[in-house]
Amino acid sequence: MKIAMVGSGYVGLVSGACFADFGHDVVCIDKDQSKIDRLHDGIMPIYEPGLDALVESNFKAGRLSFTTSLSEGIKGASAIFIAVGTPSRRGDGHADLSFVYAVAAEVGEHLSNNAVIVTKSTVPVGTGDEVERIIKDSGTTRTFSVVSNPEFLREGAAIRDFKRPDRIVIGAEDDFGRDIMHEVYRPLFLNESPILFTERRTSELIKYAANAFLATKITFINEMADLCEKVGADIQDVSRGIGMDNRIGSKFLHAGPGYGGSCFPKDTLALLKTAEDYDSPTRIVEAVVKTNDSRKRAMGRKVLDALGGAEKARGKKAGLLGLTFKPNTDDMRDSPAIAIAQTLTDAGVIVSAYDPEGMDIAKPIMPDVAMCDDPYSAIEGVDVVAIVTEWDAFRALDMKRLKELVAAPVLVDLRNIYNPEDMRAAGFTYASIGRN
Ligand code: UGA
């Protein structure tokens with residue numbers, strides 16, 4: 001089957017490469033000529049483990065190609081995926097759907113065979129109806145169906161998530177749409193991945209509800225961690241203790257500096273807007289958004305506390321290990337590191353940092369932070385070391401060397417990757433999240 005993927009960003013490229021790997025004939029389309037040129041040269045626009053090899057092998061096998069021409073790319077495709085960005089609209093937090101609608105109009109104009117048009121971009125409830133209207137208005141004479149098929153890919157684990165999904169959700173309104181989507185995902189049925197067919201609006205809401213629920217779970221455990229610090233309990237054990245209950249589940253109960261990234265912050269805000277538009281308030285999600293926002297600066301204050309408080313911090317030095325919103329990505333969007341670094345520099349602290357993948361993107365976002373070549377140069381001479389992102393490279397630091405390099409052996413571990421007793425035994429003043 002021929003598949004066209006409009007938008008060769010994170011979701012489009014990962015999905016396109018994986019579909020090609022299943023044996024489909026995939027064309028990835030993007031308006032950005034330089035991105036398409038680089039893809040032809042095997043250079044990925046994003047950092048995602050395993051993606052370059054997957055793209056290369058399928059490109060060489062002739063199953064994956066790239067073009068800037070939508071009219072050419074969609075020719076003969078039975079499924080045309082829309083995987084363009086839906087950023088938060090400036091000012092009001094609504095998802096900006098202008099890219100999605102522009103693609104719909106262009107698809108309508110150039111549709112030369114019967115096809116299913118699939119929104120993979122995260123779009124608010126009702127977007128599929130509008131996409132359908134736009135394509136109809138283009139005057140096409142072809143049979144088409146608009147389907148919703150949200151993605152549940154985690155950055156850093158996207159290929160695995162695509163190939164071994166917990167479930168595939170497809171919102172279709174007719175048999176034509178359902179049948180083609182069945183063909184598209186047939187290789188996954190063979191792997192026994194569960195597939196849920198719903199109505200289109202339901203599928204659109206499932207995506208937002210899933211992300212909002214996960215954001216809620218994280219925020220809940222973060223608040224429990226704060227309480228643990230007050231009452232003298234241990235959040236790791238609390239997480240384990242509640243996670244063993246199958247009804248709760250153990251995943252996404254890791255306390256930390258607050259969620260970031262390109263999805264949870266944007267999607268929770270967009271869900272609030274939808275709820276407001278339909279006069280159906282989602283107060284829990286409102287609280288989650290507020291709590292998570294304020295947590296990021298609170299994490300900066302936690303590092304200041306380790307320096308003896310904001311008054312004593314001016315002129316002192318802090319070394320940040322990790323800047324991206326999570327490991328195995330170069331994504332800095334809404335990363336807690338941004339608010340943490342800002343809080344520190346606002347208080348007059350001199351900040352240095354190291355991140356394995358995120359520094360090029362981080363540099364312009366945090367111009368006052370000195371970027372270093374490795375973890376040890378980032379912490380040389382500092383009064384406090386803060387672990388902000390749990391990259392594997394920070395899990396087994398040479399503590400003896402670290403202690404010799406720092407001005408004061410103070411470690412704030414915002415991801416709980418070290419054991420408090422070990423750190424104290426190694427002579428560190430150690431603070432973490434929700435533990436003693
Ligand atoms: C998230 C969802 O997990 C995916 O299912 C979804 O497809 C994707 O958004 C999307 O909508 O595109 P992602 O943003 O890549 O994926 O990252 P996550 O692994 O979910 O982490 C999000 C944030 O939560 C990170 O800042 C992470 O550090 C934080 N987190 C996660 C915690 O603080 N604790 C946890 O236990 C888990």
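Which of the 19 residues around the ligand come nearest? They are Glu151, Glu155, Lys207, Asn211 and Cys263. Please keep in mind while reading that this is a predicted model.

## Around the ligand

Let us start with the make-up of the shell. Its residues divide into nine nonpolar, three polar and seven charged. Two helices, α10 (200-231) and α12 (264-277), each supply at least two residues of this shell. The largest share comes from α10, with three residues.

The backbone also takes part in the surroundings of the ligand. A backbone N or O atom of histidine 254 lies 2.8 Å from a nitrogen atom of the ligand. For leucine 253, a backbone N or O atom is found 3.4 Å from an oxygen atom of the ligand. Phenylalanine 152 places a polar backbone atom 3.4 Å from a ligand oxygen. On its own the ligand has 720 Å² of accessible area, and the protein covers 92% of that area.

## Salt bridges

How many salt bridges does a search of the whole structure find? The search returns 26. A good one to look at is the pair of lysine 31 and glutamate 106, whose side chains meet with an N to O distance of 3.1 Å. Lysine 31 sits in the loop between β2 (25-29) and α2 (33-40), while glutamate 106 belongs to helix α5 (residues 98-110), so this pair ties together parts that are 75 residues apart in sequence. With 66% relative accessibility, lysine 31 counts as exposed. Its partner glutamate 106 counts as partly exposed, at 23%.

Two further pairs are worth a visit in your viewer. Aspartate 161 and arginine 154 join their side chains in a salt bridge with an N to O distance of 2.7 Å. Here aspartate 161 is buried, with a relative accessible area of 10%, whereas arginine 154 is partly exposed at 38%. The other pair is lysine 266 with aspartate 267, where the closest N and O atoms are 3.2 Å apart. Is lysine 266 buried or exposed? Lysine 266 is buried, with a relative accessible area of 19%, a value that falls under the 20% limit for that class. Aspartate 267 is buried as well, with a relative accessible area of 2%. Elsewhere, salt bridges with shared partners link Asp129, Glu132, Lys136, Arg200 and Arg201 into one network.

## Cysteines

How many disulfides does the count give? The count comes to zero, with a disulfide taken as a pair of cysteine sulfur atoms within 2.5 Å. Cysteine 228 is buried, with a relative accessible area of 4%. Cysteine 372 is buried too, and its relative accessible area is 13%. Cys263, by contrast in topic, was met earlier among the residues that come nearest to the ligand.

## Positive phi angles

Next come two residues to check in a backbone plot. Phenylalanine 252 has a phi near 60°, which is a positive value in a residue other than glycine. This phenylalanine lies in the loop between α11 (235-243) and α12. Phenylalanine 252 is partly exposed, with a relative accessible area of 32%. The helix α12 that follows this loop is one of the elements that supply at least two residues of the ligand shell.

The other residue is asparagine 416, where phi is near 50°, again a positive value in a residue other than glycine. Where does asparagine 416 lie? Asparagine 416 is in the loop between β13 (410-413) and α19 (420-425). Asparagine 416 is buried, with a relative accessible area of 7%. Its side chain also has a partner: a polar contact of 2.9 Å joins the side chains of asparagine 416 and glutamine 236.

Terms used: Residues are numbered from 1 along each chain as its sequence is written. This is a predicted model: local features need pLDDT of at least 70, side-chain atom pairs count only at pLDDT 80 or more; totals for chains, interfaces and linings use all residues. Side-chain values use heavy atoms; hydrogens and water are left out. A residue is near a molecule or strand if one of its heavy atoms lies within 4 Å of it. A polar contact is a pair of N or O atoms within 3.5 Å; within protein, one must be able to donate a hydrogen and the other to accept it, and residues adjacent in sequence count only if both atoms are side-chain atoms. Accessible areas come from the Shrake-Rupley method with a 1.4 Å probe; for residues, only the protein chains shown count as cover. Helices (H or I, at least four residues) and strands (E, at least two) are DSSP runs, numbered from the N terminus. Ala, Val, Leu, Ile, Met, Phe, Trp, Tyr, Cys and Pro count as nonpolar, Asp, Glu, Lys and Arg as charged, and the others, Gly among them, as polar. A salt bridge is a side-chain nitrogen of Lys or Arg within 4 Å of a carboxyl oxygen of Asp or Glu. Buried means under 20% relative accessible area, exposed over 50%, partly exposed in between (1.4 Å probe, protein chains only).
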